[in-house]
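User: I have a structure open and no background on it. Can I go through some points with you?
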Amino acid sequence: MKEWTENHVKETLPQRMKSGHKGTYGTGLLLAGSKDMPGAALLSGLGAMRSGIGRLVIGTEEEVIPYVVPVLPESTYLRNGLKKAADGEVKTTEYKAIAAGPGLEPNEETEKAVQHLLQGDCPIILDAGALSERSYEMRKSPVILTPHPGEFARITGIEVAELQENRLHFASHWAKKIGAAIVLKGNGTVTAFPDGSAWTNPTGNSALAKGGTGDTLTGMMLGMLCCHKDWKHAVLNAVYLHGACADRWTENRSAHTMLAHELTDLLPEVWKEKEQRD
């Protein structure tokens, strides 16, 4: 069992080039949010915009957009993006990375959208409603799944109690079996890759046991995929910094009280501390 440590983070976080522009860091597409869960688009969008992305496009229902714009005016929008993806109208070549799932229902429209996105040739993160029983072995570009134990059980058939007894084993086994990286969330998050490598995460605490924190992680991962050269480092660093923000919160505040959006309030300071000094 290997642990992704602070030293790993410091060695692999990307530098922001002085000559860089938004095109340098790429455009990311985020399919998130619905009428009943508009906050998922905002939380994941905040995570992405705080995590190095050049430009963010949020594909969400038209009714959701007015809720997000006042808090996140930096993003652009693809109206009714899930339907457009399901209808094959999204040009995946325009994006450096894609994330889908926060605030979406695991229904036929979501499945059609995911299948269309998978035909593209950029890294894709699948979370929440975009998680389903599939194989990704034929896809050349990375697929990253971000299930909590209940979602892992839904897509694999493994009982939660059995999973929790041997999280590293099951995450590694299924990552190799289906050809996708698996970020199995929870105490000591496990990130397993299809090549057989796997890492445990030392950061995080019970402050993360609250709705919306997973949406934030998905967004952070999307942003980091756009600014990291190595996609595995992007995934591992997103998990580490997400947990480190929760650790920072509990230094002088109760774990009961943190809200998901406050993770991205803490991220700038936490990230800066991990950057290599010249």
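User: Is Arg-248 buried or exposed?
Analyst: Keep in mind that this is a predicted model. Arg-248 is buried, with a relative accessible area of 17%. That is so because buried means under 20%.

User: Which side chains does Arg-248 meet in a salt bridge?
Analyst: Glu-269 is one of them, at 2.7 Å from N to O. That pair links distant parts of the chain: Arg-248 is in helix H11, and Glu-269 is in helix H12 (residues 261-274), 21 residues apart. Glu-273 also meets Arg-248 in a salt bridge, at 2.6 Å from N to O.

User: And where does Glu-273 lie?
Analyst: Glu-273 lies in helix H12 and Arg-248 in helix H11, so this salt bridge ties together parts that are 25 residues apart in sequence. Glu-273 is partly exposed, at 33% relative accessibility.

User: Which residues do the shared salt bridges join into one network?
Analyst: The network is made of Arg-248, Glu-251, Glu-269 and Glu-273, joined by salt bridges that share partners.

User: How many salt bridges are there in the whole structure?
Analyst: A search finds 14. Among them is the one between the side chains of Asp-195 and Lys-232, at 2.4 Å from N to O. Asp-195 lies in the loop between strand S9 (190-192) and strand S10 (198-200), while Lys-232 lies in helix H11 (residues 231-249), so the pair ties together parts 37 residues apart in sequence.

User: How accessible is Lys-232?
Analyst: Lys-232 has 22% relative accessibility and counts as partly exposed.

User: Changing topic. What order do the strands of the sheet take?
Analyst: The order is S1-S10-S9-S8-S7-S6-S5-S2-S3-S4. These 10 strands form an open sheet, and the pairing is mixed.

User: Which strands stand at the edges?
Analyst: Strand S1 (2-3) and strand S4 (76-79) do. Each has a single partner strand, so one side of each is left without a neighbour in the sheet.

User: In what sense do S7 and S8 pair, parallel or antiparallel?
Analyst: They pair in the parallel sense, over two bridges, with S8 covering residues 181-184. The bridge partner of Leu-145 is Ile-182 in S8.

User: What does helix H6 touch on the sheet?
Analyst: Helix H6 (residues 108-118) packs on the sheet and touches strand S2 (27-31), strand S5 (97-100), strand S6 (124-126) and S7. The direction of H6 makes about 155° with that of S6.

User: Now the annotations. Where does UniProt place the "binding site" feature?
Analyst: The unreviewed UniProt entry places it at Ala-40, Gly-103, His-148 and Asp-215. From this set, the lining of the largest pocket takes in Ala-40, Gly-103, His-148 and Asp-215.

User: Take Ala-40. Where is Ala-40 found, and what is Ala-40 in contact with?
Analyst: Ala-40 is found in helix H3 (residues 39-49). Leaving aside neighbours within four places in sequence, Ala-40 is in contact with Ala-32, Gly-33, Pro-102, Gly-103 and Asp-215. Gly-103 and Asp-215 are also among the positions in the UniProt feature. Ala-40 is buried, with a relative accessible area of 7%.

User: And His-148, buried or exposed?
Analyst: In between: His-148 is partly exposed, with a relative accessible area of 35%. His-148 has its place in the loop between strand S7 (143-145) and helix H7 (149-156).

User: What is His-148 in contact with?
Analyst: Apart from neighbours within four places in sequence, His-148 is in contact with Leu-184 and Lys-185. Leu-184 falls within the residues of strand S8, 181-184.

Technical notes: Residues numbered from 1 in each chain as written. Predicted model: local features only at pLDDT ≥ 70, side-chain atom pairs only at ≥ 80, totals over all residues. Heavy atoms only, no water. UniProt positions renumbered as here; feature names shortened; annotations may be inferred. 1 Å grid on protein atoms, 1.4 Å probe; cavity = no way out; pocket = protein on both sides within 12 Å on 5 of 7 lines; lining within 4 Å. Helix = DSSP H or I, 4+ residues; strand = E, 2+ residues; numbered from the N terminus. Buried < 20%, exposed > 50% of the residue type's maximum accessible area, 1.4 Å probe, protein only. Contact = heavy atoms within 4.5 Å. Salt bridge = Lys/Arg side-chain N within 4 Å of Asp/Glu carboxyl O. Pairing = 2+ DSSP bridges. Axes fitted to C-alpha atoms, helices over the stretch in contact; angles between N-to-C directions.
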